[in-house]
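User: I've just started looking at protein models and I'd like some help reading one. Can we go through it step by step?

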Amino acid sequence: MTKLDRRTFLAASAAGATALSAPMVMGAAHAKPRVVVVGGGAGGATAARYIAKDSKGAIDVTLIEPSRRYYTCFFSNLVIGDFVDFESTGHSYAALASEYGINVVHDMAIGVDRDAKSVTVASGMKFDYDRLILSPGIDFVSGSVNGWNLNDQDVMPHAYKGGTQAALLKAQIEAMPEGGTYVMVAPPNPYRCPPGPYERISMVAHKLKNENPTAKIIIADPKPKFSKMGLFTAGWEDHYAGMVEWLGPDFGGGNVTVDPGSMMVDIDGEEVKADVCNVIPAMKAGRIAEIAGVTNDKGWAPVNAADMSSKMDANIHVLGDSSQQGDMPKSGFSANSQAKVCAMAVRGALTGSKVFPAKFSNTCWSLIARDDGVKVGANYEATDEKIAKTDGFISQNGEDAATRKATYEESIGWYAGITSDMFG
Amino acid sequence: MVNDLMRAVMFLLALTMASPVLAEAEGDHGRNVFKKCKSCHQIGEGATDRVGPNLNGVVGRAAGAIEGFRYSKAMIAAAKDGLVWNSDTLDAYLTKPRDYMKGTRMSFSGLKDARDRSTVIAYLAEASTTAASNRDPDVAPEILTLEGDPDYGEYLSGECVTCHRSDGGDEGIPSITGWDNAAFVTALHAYKNKHRDHPVMQLATSRLNDEEIAGLAAFFAIQQQE
Ligand SMILES: Cc1cc2nc3c(=O)[nH]c(=O)nc-3n(C[C@H](O)[C@H](O)[C@H](O)COP(=O)(O)OP(=O)(O)OC[C@H]3O[C@@H](n4cnc5c(N)ncnc54)[C@H](O)[C@@H]3O)c2cc1C
């Protein structure tokens, strides 16, 4: 649509160029404000789409993303549990380009020049911006799990970024010997998707219960408590009694060394031979945020709540997992919610469109077993200091089966909703 | 018409006589299944048309027969062809409404389970004549007639479309496009005042004022389903 407008405009200006003076027309074309978005995930794809859609061609939007298909981390646990097939979690950028006129560039951003206001990509091209939006997700903190580095991800997968890691972890689970052992090294706070590791455990247990019922699952966890803990532990007791062993810091869960060569895992001096070892390391903002110089000493990018602008550079906005914003969990829902607030603020700044007060919300659904879904959600508002939680809810133990089933069905609706909100 | 009603009543009677415990369970089940319908349909004494037509006497009624209700073209055509709602036609329709009647405005994915269908049809036959059961409370007329700003509604809708697809798709989460204004406003106030018990919707509506609800209603009323 927008693309068509632009073509029409160019055709008109070419015709006009003979009558008027060409440079003037060129100048007018360049005066369009430019937004560059780095990262085409939950935050970036949503921001690019909303800015393009709502500015109706008044803003030039470029989206830089290396992958041609985005495989969502959300629902990747359901892929492991055989509830959803892997291919259905992949999404193309085609509609963002063809229907919304976004300039989609499949490349990796490797540099940001904040003075010149330009982004460099691996192929060497440069993109100038008036506003830059960074939503590069997470990277792992190297050395955070003793004995593991990124080169070991093919042996001991994290399955905590989009792409093929979830499929690899699933294949490893299928290849486990009868009665084998699955070990998860859980991450310290803060990390993306607080219930994610525990939904993962539920889905692994579901699969093993069907295919390898004498197998064991061990979680080594540096945290004394985790998201939806009461719901998950009750669910494991209900559905997978005796299969899941959770070792918190009191039992040495925070003192772990892995050896990818021998598949041995040392948990506080106890040696465990793992058949599958799922290492989820500590996390920090996606590397490009650090390169741009908008991260703090903890590795995250502090932002102002009202418009998600960086506290270090008013022309850069940081969304989603990379941002340090306050009370919102790092989730796809949150990133999508923040992106819409940011898109409105950026349009307001560049075109003078109306800016309404920022409102944020989040709900995270998790599946514990077939038709046994739970959820946690909250509302948030922007304060001077941070994004602050106002009120929230969480599923309760002892809910009837119909409620749990409805909650699961709702999560399928949410998945369809958010992916169409991201990719059009 | 009388026949179908009789059949439904006889069916219930037969169940009651054979096994009172089972009959009660089936009745409860039907009432529970109806919860999925009642965000759009009213039934019982004083029921009125909302997003969907009121369902009093629907078992045995000709399709598309409620005067003044804005039916889809598909429903009007089916009515012309003589479609009558009885336990068989309702069973077929409710299995997957959009398969049975392409173009129906009822955006409901269907009841796959045969027991769900038979019990809810029995409930429909029975509930028409009983007292109204927990229906959304009426909204004050000055709130209902508040003129919403669809542009403001469009901005606010960003929060809705994370789950409710803007193209009107409705897998697992109902579609909210193309609703009648009053029905939309009444439903949102029912969540806000905690008469409807969905926690995500209660949370979302808790911070919407009357004007914002009116804006959303105005915006979604003009959205087209694909
Ligand atoms: C197992 C698991 C389950 C989850 N389940 C849920 C759930 O049920 N609900 C929920 O809401 N959230 C869930 N999440 C969390 C959710 O996936 C993230 O919070 C969300 O994707 C964050 O969005 P983002 O935009 O910050 O990053 P991402 O969605 O990760 O997007 C970042 C994008 O940036 C690109 N990128 C990175 N660096 C560069 C660069 N230099 N140049 C160009 N592009 C770059 C990447 O390729 C990527 O596509 C889950 C996560 C995991 C791991």
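Analyst: Sure! One term to start with: contact means heavy atoms within 4.5 Å. Also keep in mind that this is a predicted model.

User: Okay, what are the domains of chain A, and how many residues of domain 1 are in contact with domain 2?

Analyst: The domain assignment splits chain A into domain 1 (6-139 + 283-358 + 409-423) and domain 2 (146-279). Taken over C-alpha atoms, their centres are 33 Å apart. On the domain 2 side, 23 residues take part in the contact, and on the domain 1 side the number is 19.

User: Where does the ligand lie with respect to the two domains of chain A?

Analyst: Look at who supplies the shell around the ligand. Domain 1 and domain 2 of chain A both give residues to that shell, so the ligand lies between them.

User: Which residues are closest to the ligand, and how many surround it?

Analyst: The closest ones are A:Glu65, A:Tyr70, A:Ser135, A:Arg192 and A:Asp321. By class, the shell has 17 nonpolar, 11 polar and six charged residues. The number of residues surrounding the ligand is 34.

User: What share of the ligand's accessible area does the protein cover?

Analyst: Start with some polar atoms. An oxygen atom of the ligand is 2.5 Å from an N or O atom in the side chain of A:Tyr70, and a ligand oxygen is 2.9 Å from a polar backbone atom of A:Phe333. On its own the ligand has 1000 Å² of accessible area, and the protein covers 92% of that.

User: Which element gives the largest share of the shell around the ligand?

Analyst: The elements giving two or more residues to the shell are α3 (42-55), α4 (76-80) and α10 (332-351) of chain A. With three residues, the largest share comes from α10(A).

User: Is A:Arg192 buried or exposed?

Analyst: First find it: A:Arg192 sits in the loop between β11 (181-185) and α7 (196-211) of chain A. Buried means under 20% relative accessible area. A:Arg192 has 14% relative accessibility, so it counts as buried.

User: What does the side chain of A:Arg192 make a polar contact with, at 2.6 Å?

Analyst: That side chain has a few partners. An N or O atom in it is 2.7 Å from an oxygen atom of the ligand, and the side chain also reaches the backbone oxygen of A:Tyr160 at 3.0 Å. The partner at 2.6 Å is the side chain of A:Asp321.

User: Now chain B. How many helices and strands does it have?

Analyst: Follow chain B from the N terminus and its elements run α-α-α-α-α-α-α-α-α-α-α. Among its 226 residues, 46% count as buried. The secondary structure comes to 11 helices and zero strands.

User: Which residue caps the N-terminal end of α8(B)?

Analyst: The clue is a side-chain oxygen lying 2.8 Å from the backbone nitrogen of B:Asp151. The residue that owns this oxygen is B:Asp149.

User: And what covers the buried residues of α8(B)?

Analyst: The buried residues of this helix (residues 150-160) are B:Tyr152, B:Gly153, B:Leu156, B:Ser157, B:Gly158 and B:Cys160. Part of their cover comes from chain B itself, namely α11 (210-221). From chain A, the cover includes α3, α10 and β22 (359-369).

Methods: Residues are numbered from 1 along each chain as its sequence is written. Chains are lettered from A and ligands numbered from 1 in the order in which they are written. This is a predicted model: local features need pLDDT of at least 70, side-chain atom pairs count only at pLDDT 80 or more; totals for chains, interfaces and linings use all residues. Side-chain values use heavy atoms; hydrogens and water are left out. Helices (H or I, at least four residues) and strands (E, at least two) are DSSP runs, numbered from the N terminus. Buried means under 20% relative accessible area, exposed over 50%, partly exposed in between (1.4 Å probe, protein chains only). A polar contact is a pair of N or O atoms within 3.5 Å; within protein, one must be able to donate a hydrogen and the other to accept it, and residues adjacent in sequence count only if both atoms are side-chain atoms. A residue is near a molecule or strand if one of its heavy atoms lies within 4 Å of it. Accessible areas come from the Shrake-Rupley method with a 1.4 Å probe; for residues, only the protein chains shown count as cover. Ala, Val, Leu, Ile, Met, Phe, Trp, Tyr, Cys and Pro count as nonpolar, Asp, Glu, Lys and Arg as charged, and the others, Gly among them, as polar. Domain bounds come from an automatic or database domain assignment.
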